[in-house]
Amino acid sequence: MVQLVEDKLDIDTYLELRESVHFHPLTRDQAEKGLKNSLYTLVAYQDGRAVGMGRIVGDGAIICYVQDLIIRPEVQRQGIGGLLLDSLKDFVIREAYEGTMVMFDLMCAIGREEFYKKHGFISRPTKELGPGMIQYLTIGESGKEKTEDISGDIKKGE
Ligand SMILES: CC(C)(COP(=O)(O)OP(=O)(O)OC[C@H]1O[C@@H](n2cnc3c(N)ncnc32)[C@H](O)[C@@H]1OP(=O)(O)O)[C@@H](O)C(=O)NCCC(=O)NCCS
């Protein structure tokens, strides 16, 4: 039996779930600020243990972005990721204004395309839509951008 808990994700659980799927490590400050500024978080519990999570970042009206959708490897492919994704979408629909269109989006990890397609996402670019684009900024001392390229590390995990 899986239970979803809203907006109670703590830093240790967050860092541990990220580590379980080899996402790149975050500092505690980074994790704390990221969680605090999330619009919504969900944790999936199974037998009292946190087995998955997902969160929404964005503005709640125009764009809502799925971040850190994570299911521990030992409980993947049991429908928990799908349940979390559907529940994140429900939140976005509740938040948005009637009669408007909201962008519900994400960056897909390699090999997860089929999972997201099953849940209604399309992959860009299409004939009409350009590609999603990203820049990884490495922050050095005094808040300055460092030139060191860490995108290779990022590719190993979100
Ligand atoms: C992607 C992820 C969230 C999916 O969660 P899940 O609980 O395993 O997914 P569900 O059980 O709800 O859905 C399973 C279906 O999605 C698809 N799917 C899920 N994981 C897949 C994978 N690794 N490769 C291919 N298809 C996959 C399949 O169609 C699968 O159906 P099937 O088991 O009948 O073949 C989970 O695998 C995960 O946390 N992965 C590691 C972290 C990650 O990459 N997160 C996504 C970042 S964009």
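# Notebook: helix α3, the strands beside it, and the ligand shell

**Entry 1. Leu88.** I looked up Leu88 and found its place in helix α3. The model I am reading is a predicted one. Is Leu88 buried or exposed? I count 25 other C-beta atoms within 10 Å of Leu88, and the cut-off for buried is 20 or more, so Leu88 is buried. I then listed its contacts, leaving aside neighbours within four places in sequence, and got Leu42, Gly54, Ile56 and Val66. I also took one distance from Leu88: Ala31 is 57 residues away in sequence and 20 Å away in space, C-alpha to C-alpha.

**Entry 2. Helix α3 as a whole.** I took the span of α3, which has 16 residues, from its first C-alpha to its last and got 23 Å. That is close to the 22 Å expected at 1.5 Å a residue. Which residues of α3 are buried? I noted Gly81, Leu84, Leu85, Leu88, Phe91 and Val92. Looking down the axis of α3, I see these buried residues fall within an arc of 115 degrees, so they line one face of the helix. On the face turned away from that buried side I found the exposed residues Asp86, Asp90, Ile93 and Arg94. Next I asked what the buried residues of α3 pack against. My list reads β2, β3, β4, β5 (103-105) and α4.

**Entry 3. Strands β1 and β2.** I turned to the strands, beginning with β1 (residues 2-6). I find β1 paired with β2 in the antiparallel sense, over 5 bridges. As one register point I wrote down Val2, whose bridge partner in β2 is Gln46. For cover, I checked β2 and found 5 of its 7 residues buried, so I call the strand mostly covered.

**Entry 4. Strands β2 and β3.** How many bridges join β2 (residues 40-46) to β3? I count 7, and the two strands run antiparallel. For the register, I noted that Thr41 has Arg55 as its bridge partner in β3, and that Ala44 has Gly52. The two strands form a hairpin with 2 residues between them. In that turn I found Asp47 with a positive phi of about 50 degrees. I also checked how covered β3 (residues 49-58) is, and 8 of its 10 residues are buried.

**Entry 5. Strands β3 and β4.** I followed β3 on to β4, and the pairing is antiparallel over 6 bridges. Arg55 comes up again here, with Gln67 as its bridge partner in β4. This pair also forms a hairpin, with 4 residues between the strands. Gly60 in the turn has a positive phi of about 75 degrees.

**Entry 6. Positive phi outside glycine.** I then looked at Asp68, a residue of strand β4. Its phi is near 55 degrees, a positive value in a residue other than glycine. Asp68 is buried, with 22 other C-beta atoms within 10 Å. I looked up His22 as well, which has a positive phi of about 60 degrees although it is not a glycine. His22 lies in the loop between α1 (11-20) and α2 (28-36). Is His22 buried or exposed? I count 11 other C-beta atoms within 10 Å, and with the cut-off for exposed at 12 or fewer, His22 is exposed.

**Entry 7. A cis peptide.** I checked omega at the bond from Arg124 to Pro125 and found it near 5 degrees, so I logged this peptide bond as cis. Pro125 is in the loop between α4 and β6 (138-139).

**Entry 8. The ligand shell.** Last, I listed what surrounds the ligand. There are 20 residues around it, and those that come nearest are Gln76, Gly81, Gly82, Ala109 and Phe115. Which elements give two or more residues to this shell? They are β4 (63-71), α3 (80-95) and α4 (113-118). Gly81 is therefore in my notes twice: it is among the buried residues of α3, and it is among the residues nearest the ligand. By class, I count 9 nonpolar, 6 polar and 5 charged residues in the shell.

How values were computed. Residues numbered from 1 in each chain as written. Predicted model: local features only at pLDDT ≥ 70, side-chain atom pairs only at ≥ 80, totals over all residues. Near = placed C-beta within 6 Å. Nonpolar A, V, L, I, M, F, W, Y, C, P; charged D, E, K, R; others polar. Pairing = 2+ DSSP bridges. Contact = placed C-beta atoms within 7 Å. Expected span 1.5 Å × (residues − 1). Arc of directions from axis to C-beta.
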